[in-house]
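Let's take a walk through this protein, one piece at a time. Have the coordinates open so you can click along.

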Amino acid sequence: MYRKRLLVCTLGGVLAAIICLIGKQIIYGFPEITWDVLAVTMANRILLGFIIGISCWRVNYLLHGAMLGLIVSLSVSIGFLPNNILGFFLYTPAGIVYGIMIEWLSTIVFKAPMRAL
């Protein structure tokens with residue numbers, strides 16, 4: 001296992017979760033953050049970072065982050081469709097952007113590109 005990449009990607013997921021929660025606050029007018037929203041957002045974005053850290057698909061690193069961001073974000077945003085269509089259209093693209101951000105941070109900034117096992 002490539003520890004540096006896994007650590008950077010997972011911490012990138014934590015950063016993405018914090019940015020996501022701040023963005024939700026700004027967009028929705030600073031509602032109270034409930035434990036369920038906090039838990040789901042933190043878990044999803046940290047999971048995104050972890051999955052990016054362990055994955056080694058043989059595609060361009062930015063495409064890799066975007067694809068995983070879409071897949072992992074859909075696991076939560078699909079639940080928004082019945083009652084919160086705006087939430088779906090905000091959460092899903094944000095996941096794609098966070099996936100790209102996590103990949104860019106790990107590959108370019110911290111020099112921890114993905115490696116095949």
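What follows goes through the helices, then a few single residues, the cysteines and a pocket.

Keep in mind that this is a predicted model. A good place to begin is helix 1, which covers residues 3-27. Helix 1 has 25 residues, and its first and last C-alpha atoms sit 36 Å apart, close to the 36 Å expected at 1.5 Å a residue. Now look at what is tucked away along helix 1: its buried residues are Arg 5, Leu 6, Val 8, Cys 9, Gly 12, Gly 13, Ala 16, Ala 17, Cys 20, Leu 21 and Gln 25. If you're wondering about the spacing in that kind of list, an α-helix has 3.6 residues a turn, so residues three or four places apart point the same way. As for what covers the buried residues of helix 1, the cover includes helix 2, helix 3 and helix 4.

Coming off the end of helix 1, you run into some backbone worth a click. Gly 29, just after helix 1, has a positive phi of about 80°. Then comes Phe 30, in the loop between helix 1 and helix 2. Phe 30 is not a glycine, yet its phi is positive too, at about 60°. Is the Phe 30 residue buried or exposed? With a relative accessible area of 60%, Phe 30 is exposed, because the cut-off for exposed is over 50%.

Next up is helix 2, residues 35-54. Its 20 residues should span 28 Å at 1.5 Å a residue, and the end C-alpha atoms are indeed 28 Å apart. Buried here are Thr 41, Asn 44, Arg 45, Leu 48, Gly 49, Ile 52 and Gly 53. These buried residues of helix 2 pack against helix 1 (3-27), helix 3 (61-77) and helix 4 (85-109).

Thr 41 makes a handy probe of that packing. Thr 41 belongs to helix 2 and counts as buried, at 6% relative accessibility. Leaving aside residues up to four places away in sequence, Thr 41 touches Ala 17, Cys 20, Leu 21 and Tyr 91. For a sense of scale, Thr 41 and Tyr 61 are 20 residues apart in sequence and 24 Å apart in space, C-alpha to C-alpha.

Helix 3 follows, with 17 residues and a reach of 24 Å from first C-alpha to last, close to the 24 Å expected at 1.5 Å a residue. Its buried residues are His 64, Gly 65, Ala 66, Leu 68, Gly 69, Val 72, Ser 73, Val 76 and Ser 77. The cover over them includes helix 1, helix 2 and helix 4.

For helix 4, let one residue be your guide: Glu 103, which is in this helix. Glu 103 is a charged residue, and it is buried, with a relative accessible area of 0%. So what does Glu 103 touch, not counting residues up to four places away in sequence? The contacts of Glu 103 are Arg 5, Ile 52, Tyr 61, His 64, Gly 65, Ile 108 and Met 114. Ala 43, on the other hand, is 60 residues from Glu 103 in sequence and 18 Å from it in space, C-alpha to C-alpha. Past the end of this helix, Lys 111 lies in the segment after helix 4. Lys 111 has a positive phi near 50° without being a glycine, and at 58% relative accessibility it counts as exposed.

What about disulfides? The count comes to 0. Take Cys 9 and Cys 56: the sulfur of Cys 9 has its closest cysteine sulfur in Cys 56, 12 Å away, which is too far for a bond. A disulfide needs the two sulfur atoms within 2.5 Å. Cys 9 is buried, with a relative accessible area of 0%, while Cys 56 is partly exposed at 30%.

Last stop: the largest pocket, which holds about 390 Å³ of space. Helix 1, helix 2 and helix 4 are the elements that each give two or more residues to its lining. Helix 1 gives the most, with 6 residues. The lining has 19 residues, and nearest the centre lie Cys 20, Lys 24, Tyr 28, Phe 80 and Tyr 91. Sorted by class, the lining of this pocket has 13 nonpolar, 4 polar and 2 charged residues. Two of the names near the centre, Cys 20 and Tyr 91, should ring a bell: they are among the residues that Thr 41 touches.

Notes:
Residues numbered from 1 in each chain as written. Predicted model: local features only at pLDDT ≥ 70, side-chain atom pairs only at ≥ 80, totals over all residues. Heavy atoms only, no water. Buried < 20%, exposed > 50% of the residue type's maximum accessible area, 1.4 Å probe, protein only. Helix = DSSP H or I, 4+ residues; strand = E, 2+ residues; numbered from the N terminus. Expected span 1.5 Å × (residues − 1). Contact = heavy atoms within 4.5 Å. 1 Å grid on protein atoms, 1.4 Å probe; cavity = no way out; pocket = protein on both sides within 12 Å on 5 of 7 lines; lining within 4 Å. Points joined across faces, edges and corners; volume = space filled by probe spheres on them.
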